[in-house]
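Q: Please take one part of this protein and look at it closely, starting with a pair of strands. Then explain how the surroundings are put together, for someone who has not seen this structure before.

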Amino acid sequence: MTQTLLPGVTGVLALADGTVFQGIGCGATGTALGEVVFNTAMTGYQEILTDPSYMSQILAFTFPHVGNVGVNVEDVEQIGGGSDTSARGAIFRDVPTDPANYRSESDFDGWMKRRGVVGLAGIDTRALTARIRDGGAPHAVIAHDPDGNFDLDALVAEAKAWTGLVGLDLAKPASTLQSFDWDEGLWDWPEGHPRVNATGKTVVVVDYGVKRNILRALASTGAKITVVPATTTAEEILARNPDGVVLSNGPGDPAATGEYAVPEIKKLVESGKPLFGICLGHQMLALALGAKTVKMDQGHHGANHPVKDLTTGKVEIVSMNHGFTVDSASLPDAVVETHVSLFDGTNCGIALKDKPVFSVQHHPEASPGPTDSLYLFQRFSDLMDGRGGAQ
Ligand SMILES: NC(=O)CC[C@H](N)C(=O)O
């Protein structure tokens, strides 16, 4: 197979099946390998690109104009690290624009360069999206070279050789190595993120690649928060005698954490402590309860997904970012399905019938929005207070 490089091309996306999208490079130069997913959110590009759950993925934004609000230090979701533990590449319809916003501290393109996010603009993102919709998320290499030197066959071969996210444990590499305390609350204008004086319950958050806004939303309920590494044992967690435990979001295949995380979560469930799982934490909890997880044909990545809370009958518009899902047919009898996606009927939440344990697939912290699901942090707080059930 020989591909023809068009004149003036400085960025390419080479898919494992040999398809090559050619356009204008932006952000960091070099190459990055990953699974290509599209995100339909119209805002929040900085939060999205710094969400650790996008590790080993290349993000295609369906919204065409990106960059107009610039970047700042407040909107970074990752606790530490760069594009090695979040999105590696980004694809845009238009070349990122200069910032025009009072919160902007720097331009988006320069920030991508410093972070090592390889960018590609000027391609037909609608064609790419339609392709992902029809054929699933492809393995690909994104490349940016201002001189336009690309060995397309070699890039396609690299994409083809990658074995992908199934079976890949990324929670451990995305996690903090050391425990730390957290007291920053949810952002509000004009003061920004407040320091919260914790008066409520003590919560241990197990970090599988946690987003800062999960910690902020918890802190804003008054909880005193300690974050611990992904490999912390149930015994070590319980030795801290927390009022509740949160299992965070994170990248990679939940089933690949079966060696170190799932057995510990099982013990946490047995301990009877209130437990709240989010996204990867939800999937791992489901595995610990005996259910199965599978790779989705169509992952969910966006900020306008309708989810129904079956316990109240209410529909919430939520932020989503997942490529694996809990197989609802595999849920054991002790588990109630509490939330479902109104897009495709996939499971979005579970609770245990006889224990204070629940979890959701979507992102209740949802920075930059929507905030419909913030009530779940209160539900967890109430559960720790012994008020209300998990469902
Ligand atoms: N946001 C998350 O926690 C993602 C969970 C998991 N890595 C998935 O893709 O489904």
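**A strand pair and its surroundings**

A: Strand β9 (residues 202-207) and strand β10 (residues 224-229) run parallel and are joined by 6 bridges. The model is a predicted one. Within this pair, V203 stands opposite I225 of β10. Strand β9 is mostly covered, since 5 of its 6 residues are buried.

A helix can be examined for burial in the same way. In helix α10 (residues 375-384), 7 of the 10 residues are buried, so the helix is largely enclosed by the rest of the structure. Those buried residues are L376, F377, R379, F380, S381, L383 and M384. They pack against α6 (212-219) and against the strands β11 (244-247), β12 (275-278) and β17 (357-360). Just after α10, the chain reaches G386, which takes a positive phi of about 80°.

Next comes a pair of helices. Helix α8 (residues 262-271) packs with helix α9 (residues 280-288) at an angle of about 75°, and their axes are 8 Å apart. That angle makes α8 roughly perpendicular to α9. On the α8 side, V262, I265, K266 and V269 take part, and they meet M284, L285, L287 and A288 of α9. Sorted by class, this contact has 7 nonpolar residues, no polar ones and 1 charged residue.

To place these pieces in the whole, the domains are needed. The protein is divided into domain 1 (11-161) and domain 2 (171-384). Taken over C-alpha atoms, the centres of domain 1 and domain 2 are separated by 27 Å. The contact between them takes 21 residues from domain 1 and 28 residues from domain 2. On the domain 1 side, strand β3 (residues 30-39) gives the most, with 3 residues. The side of domain 1 that touches domain 2 has 8 nonpolar, 8 polar and 5 charged residues.

Strand β3 also belongs to a barrel. There, 7 strands close up in the order β1-β2-β6-β5-β4-β3-β7, and the pairing is mixed. From one strand to the next, the twist averages 35°. One pairing in this barrel is that of β3 with strand β4 (residues 57-61): the two run parallel and are joined by 5 bridges. Among the paired positions, N39 has F61 in β4 as its bridge partner.

Helices lie on these strands too. Helix α3 (residues 125-135) lies across β2, β3, β4 and β5 (89-92), and runs at about 70° to β3. Helix α4 (residues 152-161) packs on the sheet as well, touching β1, β2, β3 and β7 (139-144), and its direction makes about 45° with that of β1.

A last detail concerns the loop between β1 (11-15) and β2 (20-27), where D17 is found. How exposed is D17? With 13 other C-beta atoms within 10 Å, D17 is partly exposed; a count of 12 or fewer would make a residue exposed, and 20 or more would make it buried. D17 is 122 residues apart from H139 in sequence, while their C-alpha atoms are 8.6 Å apart in space.

Terms used: Residues are numbered from 1 along each chain as its sequence is written. This is a predicted model: local features need pLDDT of at least 70, side-chain atom pairs count only at pLDDT 80 or more; totals for chains, interfaces and linings use all residues. Helices (H or I, at least four residues) and strands (E, at least two) are DSSP runs, numbered from the N terminus. Domain bounds come from an automatic or database domain assignment. Two residues are in contact if their C-beta atoms, placed from the backbone, lie within 7 Å. Ala, Val, Leu, Ile, Met, Phe, Trp, Tyr, Cys and Pro count as nonpolar, Asp, Glu, Lys and Arg as charged, and the others, Gly among them, as polar. Axes are lines fitted to C-alpha atoms, for helices over the stretch in contact, and angles run from 0 to 180 degrees between N-to-C directions. Angles under 35 degrees count as roughly parallel, over 145 as roughly antiparallel, 65 to 115 as roughly perpendicular and the rest as oblique. Two strands pair if DSSP finds at least two bridges between them.
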